[in-house]
Amino acid sequence: MDFDLPAHLNEVRESVERFAATEIEPAIAEVERAGIFPRDIVRKMGEAGFFGAVFPESVGGSAMGFLAVAVIAEEISRLRPEFGYCMNLQAMTCPFTILNWGNPSQIERFVPDLIGGRRIGMFALSESGGGSDAAGSMKTRAERRGDRYILNGSKMWITFADACDAGVIFAKTDPAAGHRGVTAFIIEPKISKGYSAKPIPMKSLSNVLRSNAVFLDDVEIPVENRLGEEGEGFKIAMNALDYGRLTVSARLVGLAQACLDASIAYARARTVGGHALGRYQMIQHLIADMTVNVEAARLMTCRMACLMDRGEPATRAASRAKYLAAQAARHAALAVAEIHGGYALADEYRVQYLTAYINMLNVGEGAANVQRILIAEDALGYKNANRHRVRRHDAKAAE
Ligand SMILES: Cc1cc2nc3c(=O)[nH]c(=O)nc-3n(C[C@H](O)[C@H](O)[C@H](O)COP(=O)(O)OP(=O)(O)OC[C@H]3O[C@@H](n4cnc5c(N)ncnc54)[C@H](O)[C@@H]3O)c2cc1C
């Protein structure tokens, strides 16, 4: 058992830091002001290999593995949390789901461009009726007519839906069959008449890397874009979310680390009552708790990544890590605000910005209570969290 990152992953971490400093920082203020999706930056992230770690070289990946994904997602989120979304939509829930469940033609048509950052992805599962009960609340219908499916309905909160070129979307082909009536499709919004996306106003998050309400009005999807079989959609979604939870946990660790870094810098620099804040015991308690929480969440996230790298079931590890990482990050958000006092509200500091992304990731890809239910039912022996067989395209074996 080795708890240190291999040297090449430390280099990967440094390359993410360099990328954020040279490609994102100089451009982001203008991109946000202009309100245009930063395709150039996402394409450069793809070219730098940020999205291809769990993909075989045959589709443009690097086959480095899940631990590399965790490292990249943590680092980008520590520095620029809004670009953390890309690790889900360009590296995991969209293209990895197509790799795992798609046929060779679908993989060839969509995966290389998504992980290369040349096309923008999305993962459209949630609806307004309640994201925590995705299948139960799903009203979107897909009706087969000859060689096409006709989709009608709406989706809620779908990140990148306003910029998407090719995404995974879920709809009910057999509403009477409950979660067994859900089917997955690959949708190409730019060539789909009847598709529209409306960004959800959220002042605290990015103005360009954003989430949307999606409307589907007689949208035609050719049968060859169905992902898996009819009725397999819920299984595909749950499988995708296990992998998505790796990036979400790592992103939460990155955010918690950013709160800790900011807290340490501020506590050392700020003098109150003749002493640096860091000299006061109550501030030290906060720093101590943040330090161990971040470390514990990082270890659980890396453990999940290692299980995935070994091809072992990781649903249990994924829900535990996601829950713990969210707890660590939420604690860090409260602590960083406490330490900054009134300055937590000033735009000069990143406290509000980090907190907004932590709150978002606390609900995304399985809200805290939903993870708790899963963890407790598994612990109590009511439901084995790892009961489903993993579906994973092994990038290393594929070479
Ligand atoms: C910024 C942002 C981006 C997102 N991007 C995407 C995306 O790209 N694609 C996508 O498909 N979805 C996306 N989502 C949706 C996200 O996955 C959902 O918000 C999440 O699943 C929770 O659903 P909900 O918001 O409807 O909350 P609800 O399901 O209404 O839950 C509300 C609260 O009740 C709790 N709760 C729910 N059920 C129970 C229960 N049985 N017992 C106790 N407590 C319970 C939850 O923990 C939560 O705290 C995004 C969300 C946000 C905010």
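## Polar contacts of the ligand

In this predicted model, a polar backbone atom of F123 lies 2.7 Å from a nitrogen atom of the ligand. The backbone is also used at G131, where an N or O atom is found 2.7 Å from an oxygen atom of the ligand. At T159, by contrast, it is the side chain that takes part, with one of its N or O atoms placed 2.8 Å from a nitrogen atom of the ligand.

How much of the ligand does the protein bury? The ligand taken alone exposes 970 Å², and 65% of that area is buried by the protein.

## The shell around the ligand

The ligand is surrounded by 17 residues, of which F123, S126, G131, S132 and W157 are the closest. Sorted by character, the residues of this shell comprise nine that are nonpolar, seven that are polar and one that is charged.

Several elements of the chain contribute to this shell, and those that give two or more residues to it are β3 (148–159), α10 (351–363) and α11 (368–379). The largest contribution is that of β3, which gives three residues.

## Where the ligand sits among the domains

The protein chain is divided into three parts, namely domain 1 (7–115), domain 2 (123–231) and domain 3 (234–398). Why does the ligand lie between domain 2 and domain 3? Both domain 2 (123–231) and domain 3 (234–398) give residues to the shell around the ligand, and therefore the ligand lies between these two domains.

## The contact between domain 1 and domain 3

Domain 3 also takes part in a contact with domain 1, to which domain 1 gives 29 residues and domain 3 gives 36 residues. The C-alpha centres of these two domains, domain 1 and domain 3, lie 20 Å apart.

The size of an interface is often expressed as the accessible area that is lost when the parts come together. For domain 1 and domain 3, the area buried between them is about 2800 Å², and carbon and sulfur atoms give 64% of it.

Definitions and conventions
Residues numbered from 1 in each chain as written. Predicted model: local features only at pLDDT ≥ 70, side-chain atom pairs only at ≥ 80, totals over all residues. Heavy atoms only, no water. Near = heavy atom within 4 Å. Polar contact = N/O pair within 3.5 Å; in protein donor to acceptor, adjacent residues only side chain to side chain. Areas by Shrake-Rupley, 256 points an atom, 1.4 Å probe, with all protein chains shown as cover. Helix = DSSP H or I, 4+ residues; strand = E, 2+ residues; numbered from the N terminus. Nonpolar A, V, L, I, M, F, W, Y, C, P; charged D, E, K, R; others polar. Domains from an automatic or database assignment. Contact = heavy atoms within 4.5 Å. Buried area = accessible area lost by both parts, 1.4 Å probe.
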